[in-house]
Amino acid sequence: MTAQEEQADGAARRSAVVVGGGLAGITAALGLADAGLDVTLLEGRPRLGGLAFSFQRGDLTVDNGQHVYLRCCTAYRWFLDRVDGAALAPLQDRLDVPVLDVATPRPRLGRLRRAGLPVPLHLARSLATYPHLSLAERAKVGRAALALKALDLADPALDDEDFGSWLARHGQSARAIEALWDLVGIATLNAVAGDSSLGLAAMVFKTGLLSEPGAADIGWAHVPLGDLHDRLAREALDKSGVRTELRAKVAGISRTGEGVWRVRTDSEEIDAETIVLAVPQREAHELLPDGALDAKDQLLEIGTAPILNLHVIYDRKVLKQPFFAALGTPVQWVFDRTEASGLDGGGQYLAVSQSIAQNEIDAPVAELRARYLPELERLLPAARGAGVRDFFVTRERTATFAPTPGVGRLRPGPRTRAPGLYLAGAWTATGWPATMESAVRSGAAAARAALGTLGRPQDHLFEEAA
């Protein structure tokens, strides 16, 4: 039933407040509004998008960090469709990742790419010729992949073991972990194998590489992230009737004597029957009333991990590929952001994405420049002698939750013990690591839980196929 049909039938309008305007909050707000609720979305920042946003630096539009998604990220793809942004963030036709190793006397380029064959044969040819592993290591990778595929992701014991120990038990050398497993895992989990929950790592590899041939095909925004997560999202919210308030930091929530929720900001108080807290775990801990969760303080045990992004503007083109991954160097992943940023004048803009950045997140810009520009010259011969027009850094100190063993039991689901109060965020119990996919899934789960309680339709929401 549409909102107009509901009003025509004389049904009472229900109200909801969503706290937080990241992907989780936007998804929850759209889901509730599309079911006929009066929704207010409150965001403390001056823009939507959470930690996947853009800003201006002179004439450039800069993403705070490089974000990608995979074909298996069905919730985020649903989100892109919902805000009419899918064409602006296309997927590769087939997985193809250039991997450059500069630790050897002569740099070697390998590729991780898939063929049009069923799983697991879709990657067999690529692994068989992957030059960064020995023949024996490649054979052992295949056996470990089959063992990984056999794991039951519903087994809670997987969350208690670290992925590195499991890989070692299954014959993976330190080199294999570095050149293959961590190459993927660091980018998706923001942790090395030894610091990652086996449960989360197994989910990433089983879903992305061992479920369907095209599951790991990579997609990324060919426009600034703000075009997708702020401008188009705001347009979708407006069309759905959501009242969106920016620079509206929530100071507290409470239950009134009439049994409704009251949300306080610096400028107003809003009463609503349904509240979705789509904020980071520490902020949720501050806002949740006592008794809303059985063990609210467990939220504070969910650690965080930083991501550092280095932005380099060259005076000429130095990279022909849209992106590549690197070995034998501190550099992890490098992306060409020239067109998306609006850079003109014949230069090139590269974004260097550095996960697990605990040791560098607070390093001075001059120190990072001195460390990484020579590394980029090692990787890209065309950068030698090229002029650097600009070098700057963006830092997300709490970019993701830390996927450590045991984190699964700390992640709550969307429901709380307080009637009408729900949780969303990539850190909640989605089964995924801290990704855009997890954020959208959490927002859909919170909206679904709320609408189920209210007896409202939910078929318009993202729902994973059985």
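In this predicted model, V250 is in contact with V19, L42, V263, R264, T265 and L287, neighbours within four places in sequence being left aside. V250 belongs to strand β10, which covers residues 250-255. Its relative accessible area is 8%, so V250 is buried. The residue also appears in the UniProt record, where an unreviewed entry lists V250 under "binding site".

A second buried position is S54, in strand β3 (residues 54-57). S54 counts as buried because its relative accessibility is 17%, below the 20% limit for that class. Two polar contacts were computed for its side chain. One joins the side chain of S54 to the side chain of D63, at 2.7 Å. The other runs from the side chain of S54 to the backbone nitrogen of G226, also at 2.7 Å. Beyond four places in sequence, S54 is in contact with T61, V62 and D63, and with P224, L225 and G226.

The chain as a whole holds 13 helices and 19 strands. Its radius of gyration is 23 Å, close to the 23 Å given by the globule rule for 466 residues, so the chain is as compact as a globular protein of that length. The C-alpha trace spans about 75 × 50 × 40 Å along its principal axes. Of the 466 residues, 54% are buried. Among contacts between residues at least 6 apart in sequence, 68% join residues at least 24 apart.

An unreviewed UniProt entry annotates residues 23-450 as "domain: Amine oxidase". Helix accounts for 31% of this span and strand for 23%. The C-alpha atoms at the two ends of the span lie 18 Å apart.

Seven strands form an open sheet in the order β7-β6-β15-β16-β17-β14-β18, and their pairing is mixed. The edges are taken by β7 (108-113) and β18 (388-401); each has a single partner strand, so one side of each is left without a neighbour in the sheet. On average, neighbouring strands are turned by 25° against each other, direction ignored. Within this sheet, β15 (residues 323-327) and β16 (residues 333-336) run antiparallel and are joined by three bridges. F323 stands opposite F335 of β16.

Two helices lie across strands of the sheet. Helix α7 (residues 174-189) crosses β6 (96-101), β7, β15 and β16. Its direction is at about 140° to β15. Helix α12 (residues 365-379) lies across β6, β14 (304-314), β15, β16, β17 (348-354) and β18. The angle between α12 and β18 is about 105°.

The loop between β14 and β15 contains L319. With 4% relative accessibility, L319 counts as buried. Neighbours within four places aside, L319 is in contact with F324, V334, D336, Q348, L350 and L380. Among these partners, F324 falls within the β15 range of 323-327, and V334 and D336 fall within the β16 range of 333-336. Q348 and L350 fall within the range of β17, 348-354. The C-alpha atoms of L319 and R175 are separated by 27 Å, the two residues being 144 residues apart along the chain. R175 falls within the range of helix α7, residues 174-189.

Definitions and conventions: Residues are numbered from 1 along each chain as its sequence is written. This is a predicted model: local features need pLDDT of at least 70, side-chain atom pairs count only at pLDDT 80 or more; totals for chains, interfaces and linings use all residues. Side-chain values use heavy atoms; hydrogens and water are left out. Helices (H or I, at least four residues) and strands (E, at least two) are DSSP runs, numbered from the N terminus. Buried means under 20% relative accessible area, exposed over 50%, partly exposed in between (1.4 Å probe, protein chains only). A polar contact is a pair of N or O atoms within 3.5 Å; within protein, one must be able to donate a hydrogen and the other to accept it, and residues adjacent in sequence count only if both atoms are side-chain atoms. Contact means heavy atoms within 4.5 Å. UniProt positions are given in the numbering used here, feature names are shortened, and annotations may be inferred rather than shown by experiment. Two strands pair if DSSP finds at least two bridges between them. Axes are lines fitted to C-alpha atoms, for helices over the stretch in contact, and angles run from 0 to 180 degrees between N-to-C directions. The radius of gyration is taken over C-alpha atoms; the globule rule is 2.2 Å times the number of residues to the power 0.38.
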